[in-house]
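Good morning, and thank you for making time for this item. I should like to take you through one protein chain, moving from a helix end to the interior and then out to the surface.

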Amino acid sequence: MGVTPQGKGITINFDCQFEVRLKESTLSSILAAFAELLPQLLTDFFQKVLIGFGEHAMALKKKPFACGCCGNAKEFTWKTRHGKKTQIHAFYRWVELPQLQVLCKRCGSKLSITRKLLGIEPKKRIPAEIYRKLGLLGSLTSYRVAEKIGGMFGWAVDKMTIWSAVQKTASEIDFKLDDKELPQGEADGTGIGIKGIAKRGKELKVFIQYKKGGGVRVAGLDIGNYNGAWNRLFQNSIEVFKGFRRRFLLVTDGDTSILDGLKDKVKIIVQRCLWHIPHQAKYVLWQDGVKHKSAEWLHVVSELMEICAIRPFVDCQKTIEKMIESKRKRLEEVIGYCRGKGYTHSVSYLENARPDMFTAVEKRLNGKTTSKVERVMRTVNMRVNVSKWSAAGALNVTKIRLAYYYNGFDA
Ligand SMILES: [Zn+2]
């Protein structure tokens, strides 16, 4: 003796008595009968195993539990193996387990050992390992689909349980920069549908970091007003920003004022995402009332396409300088053209973008102009575009989803 049950294990003989009436022998009626058996079987099986381990524990000189009142861990007697029922989520469904109770011989207080044997915290109804699984499920597909698929496998978990598991799981996830990965990344936002306000009223903002071995990880996530502040996206990462020996190259179209405030401490090069500029330009041209695909529209968009196309791997400094000089000149001409036509939104958009458009290329860093964050945004949109959300609901479901796809979270 003296072996803990967890060490060597115990063997359970499980006899099952079950009565069920079937009208026919078809596959579907057998499966339907089995679905009836399942809940009963699950509860009985749990209880049988718990009693087995409970008895094993009671036979030990030192118990794997102690009295909450006096600390005694040796002298107990059984109070009951079939006490008041307690509800616990057993993944396939809720089960109601009669509590195992023991009595402390030293002080006489009662102790329920069901949750202790299960390794669940007192009073918890859904163990962490279960709500994380349900939370991951709810982030991978819609709540309705999750419930439907579960039902097809005789699994009785309702949408609300999955929903609350998502909120709980998300509260345990936080993103920030990893100091062991590259000092390079991108930030971008995507408009999402929020209950009660028009589409594009809020946006999900994502900050990704490039990994040494290729690929990306998520370093920040936030939800906020369209064109609003991006502070919280970078907040967790400020210390890591400071620690990088090389300057951090941040490709973004977002507001990085939080980082401006730390310019003396944090070395950051902000590069406008060139990939976005012609796309955004279409939006500001529309705001200026320029007809789609008119001669004026085509002129501005095609010029911007060419200005923003950077040929990668040009390694001659002189050539780079010449290229940028010519691009800047062309950009000035486009801005002048827009001003002449009275395209005020377009002018202010381009003037605002101008200072950060060629910073990374100039510094001979990677002048890559395709967007990796776009791929991440598609992963976000596949889940959030299926319904209208509360801000917190959309943020939470995206947290888990991105942690799973990009940061190695699993359940
Ligand atoms: Zn006691």
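**A helix end, two cores and a surface patch**

Let me begin where helix α12 ends: the residue that follows is G342, with a positive phi near 80 degrees. Please keep in mind throughout that this is a predicted model.

Helix α12 itself covers residues 317-341, which is 25 residues. From first C-alpha to last, α12 spans 36 Å, close to the 36 Å expected at 1.5 Å a residue. Which residues of α12 are buried? They are I320, I324, K327, L331, V334, I335 and C338. In general, an α-helix has 3.6 residues a turn, so residues three or four places apart point the same way. I would draw your attention to K327, a lysine listed among the buried residues of α12.

I turn now to the interior. The largest nonpolar core comprises 39 residues, and those with the most contacts inside it are L204, V206, I208 and L402. Two or more residues come from each of several elements: the helices α4 (128-140), α5 (143-152), α6 (159-170), α15 (373-384) and α16, and the strands β7 (202-210) and β8 (216-225). Helix α16 contributes the most, with 7 residues. There is also a second, separate core of 26 residues, which includes L274, V290, I310 and Y343.

Let us take V206 as an example from the largest core. Beyond its neighbours within four places in sequence, V206 is in contact with, among others, V218, L221, L233, V376 and L402. The contacts of V206 also include E186 and D188.

Next, I400, which belongs to helix α16, residues 391-406. Is I400 buried or exposed? I400 counts as buried because its relative accessibility is 0%. Setting aside neighbours within four places in sequence, I400 touches G135, L136, S139, V166, T169, A170, I173 and F409. Between I400 and D410 there are 9.2 Å, C-alpha to C-alpha, for a separation of 10 residues in sequence.

A further case is T43, in helix α2, residues 27-59. T43 counts as buried because its relative accessibility, 19%, falls under the 20% limit. Outside its neighbours within four places in sequence, T43 is in contact with V95, E96 and L97.

Finally, the surface. V145, I149, M152 and F153 form a nonpolar patch there, with about 430 Å² of accessible area together. F153 sits in the loop between α5 and α6, and F153 is classed as exposed because its relative accessible area is 67%.

Note on methods. Residues numbered from 1 in each chain as written. Predicted model: local features only at pLDDT ≥ 70, side-chain atom pairs only at ≥ 80, totals over all residues. Heavy atoms only, no water. Helix = DSSP H or I, 4+ residues; strand = E, 2+ residues; numbered from the N terminus. Buried < 20%, exposed > 50% of the residue type's maximum accessible area, 1.4 Å probe, protein only. Contact = heavy atoms within 4.5 Å. Expected span 1.5 Å × (residues − 1). Core = buried A, V, L, I, M, F, W, Y, C linked by side-chain atoms within 4.5 Å. Patch = residues over 30% accessible without salt bridge, like charges linked within 9 Å, V, L, I, M, F, W, Y side chains within 5 Å. Areas by Shrake-Rupley, 256 points an atom, 1.4 Å probe, with all protein chains shown as cover. Salt bridge = Lys/Arg side-chain N within 4 Å of Asp/Glu carboxyl O.
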